[in-house]
Amino acid sequence: MALFGHKRQAPRLAPELDDVPLGRVLKGIAAARGPGPQDLAIAQVERLLRDTGDDWDRRSHRVGVLAQAAPALARTWRERRPRDPDALVLATWSELATDPRSALAICRAATEAAPEDPTPWVGALAALRLLKRPSSELSPVWHEIHARDPWHREAHLQILGYLSPEEQGSQAALRDFLDDAIAVMPWDAPTACLPLTAAVRQHHRERSSGGIQALGVSQYWSQPHTARLLDQAMAHWPQPRHLRHAAAVADLGMLAYALIRAGRSSNAGPVFSAVGGLVMPWPWSYEGDPVECYTDYSGRV
């Protein structure tokens with residue numbers, strides 16, 4: 001990761017994280033006005049995704065960020081190149097927020113255009129989750145993803161959300177999923193964030209629940225299993241090159257947040273330094289404006 005060893009920088013929201021080529025393309029998209037500049041922006045996006053090759057982890061990160069930043073561009077590109085696998089996969093992800101049924105239909109074309117790519121299958125998983133479809137429909141899609149990239153970060157996070165009590169699952173289903181994944185997960189997999197992500201979500205589930213759970217939430221991070229999660233992550237994640245996946249900065253930001261909420265600000269300093277001022281909305285948005293909260297907490301350590 002390029003940011004390790006840098007001095008702390010002014011906090012800023014950075015959907016691209018430390019992906020410098022992606023950041024350049026996002027700036028080009030933001031500046032594109034009119035047919036000529038839009039043609040150039042499409043060419044830049046096309047080149048970026050081509051250059052990603054079969055690095056499925058980074059491809060998923062780039063597609064997700066681009067789909068949110070430029071849905072109109074994604075539609076235009078697909079209209080011009082209806083059989084292009086990159087145009088189709090970007091269109092799949094850009095349609096998710098507004099029309100998951102349409103995204104699911106585009107996904108089918110994307111899987112045929114690039115059979116080896118797990119990214120459109122992950123888009124299908126996200127669409128089925130949004131449509132609240134039964135697990136019997138998600139299961140075959142999950143198997144297609146697993147056959148192509150068994151430790152796909154975004155796919156696992158989609159299942160983590162789907163199995164939550166707020167959606168189609170329960171605490172027991174979440175525990176079973178996490179236990180099964182952790183039992184065989186390589187230490188350096190892009191999914192290393194799963195246990196801590198689940199813990200942060202559970203923390204806020206208890207905070208917002210009211211009743212007895214909310215009364216005991218101040219002790220949440222001192223419980224043995226959650227304290228152990230923080231200890232393990234703190235011991236390894238901030239080390240240079242330990243986390244090598246595309247969203248490593250996001251996971252480090254989550255760790256910094258959890259350490260602050262646990263009252264372990266003395267441990268958070270190296271993590272804030274490793275993040276280099278790059279802020280993702282989640283989980284800082286739990287506390288209010290992400291940049292303001294990040295600035296406030298990082299300034300205390």
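## Helix pairs and a few odd backbone spots

The axes of helix α7 (residues 119–130) and helix α8 (residues 135–148) come within 9 Å and cross at roughly 155°. Axes here are lines fitted to C-alpha atoms, for helices over the stretch in contact, with angles running from 0 to 180 degrees between N-to-C directions. This is a predicted model, where local features need pLDDT of at least 70 and side-chain atom pairs count only at pLDDT 80 or more, while totals for chains, interfaces and linings use all residues. Residues are numbered from 1 along each chain as its sequence is written, and side-chain values use heavy atoms, with hydrogens and water left out.

Back to the pair: α7 and α8 are therefore roughly antiparallel (under 35 degrees is roughly parallel, over 145 roughly antiparallel, 65 to 115 roughly perpendicular, the rest oblique). Their crossing is left-handed. On the α7 side, W121, V122, A124, L125 and L128 meet E137, L138, V141, W142, E144, I145 and R148 of α8, contact meaning heavy atoms within 4.5 Å.

Now for α3, residues 56–69. Its 14 residues should span 20 Å at 1.5 Å a residue, and the end C-alpha atoms are indeed 20 Å apart; the expected span is 1.5 Å times one less than the number of residues. Most of α3 is covered, with 11 of its 14 residues buried, among them W56, H61 and L66. Buried means under 20% relative accessible area, exposed over 50%, and partly exposed in between (1.4 Å probe, protein chains only).

The axis of α3 comes within 8 Å of that of helix α5 (residues 85–95), crossing at roughly 60°, which makes α3 oblique to α5. From α3, the residues R59, V63, L66 and A67 make the contact, and from α5 P85, D86, V89, L90, W93 and S94.

Here is how the two contacts divide by class:

| Contact | Nonpolar residues | Polar residues | Charged residues |
|---|---|---|---|
| α3 with α5 | seven | one | two |
| α7 with α8 | nine | no | three |

Ala, Val, Leu, Ile, Met, Phe, Trp, Tyr, Cys and Pro count as nonpolar, Asp, Glu, Lys and Arg as charged, and the others, Gly among them, as polar.

Where does K132 lie? K132 sits in the loop between α7 and α8, has a positive phi of about 60° although it is not a glycine, and is exposed, with a relative accessible area of 60%. L17 also has a positive phi of about 60° without being a glycine, but L17 counts as buried at 4% relative accessibility. Finally, the peptide bond from W282 to P283 is cis, with omega near 5°.

Key: Helix = DSSP H or I, 4+ residues; strand = E, 2+ residues; numbered from the N terminus. Left-handed = near helix turned anticlockwise from the far one by under 90°.
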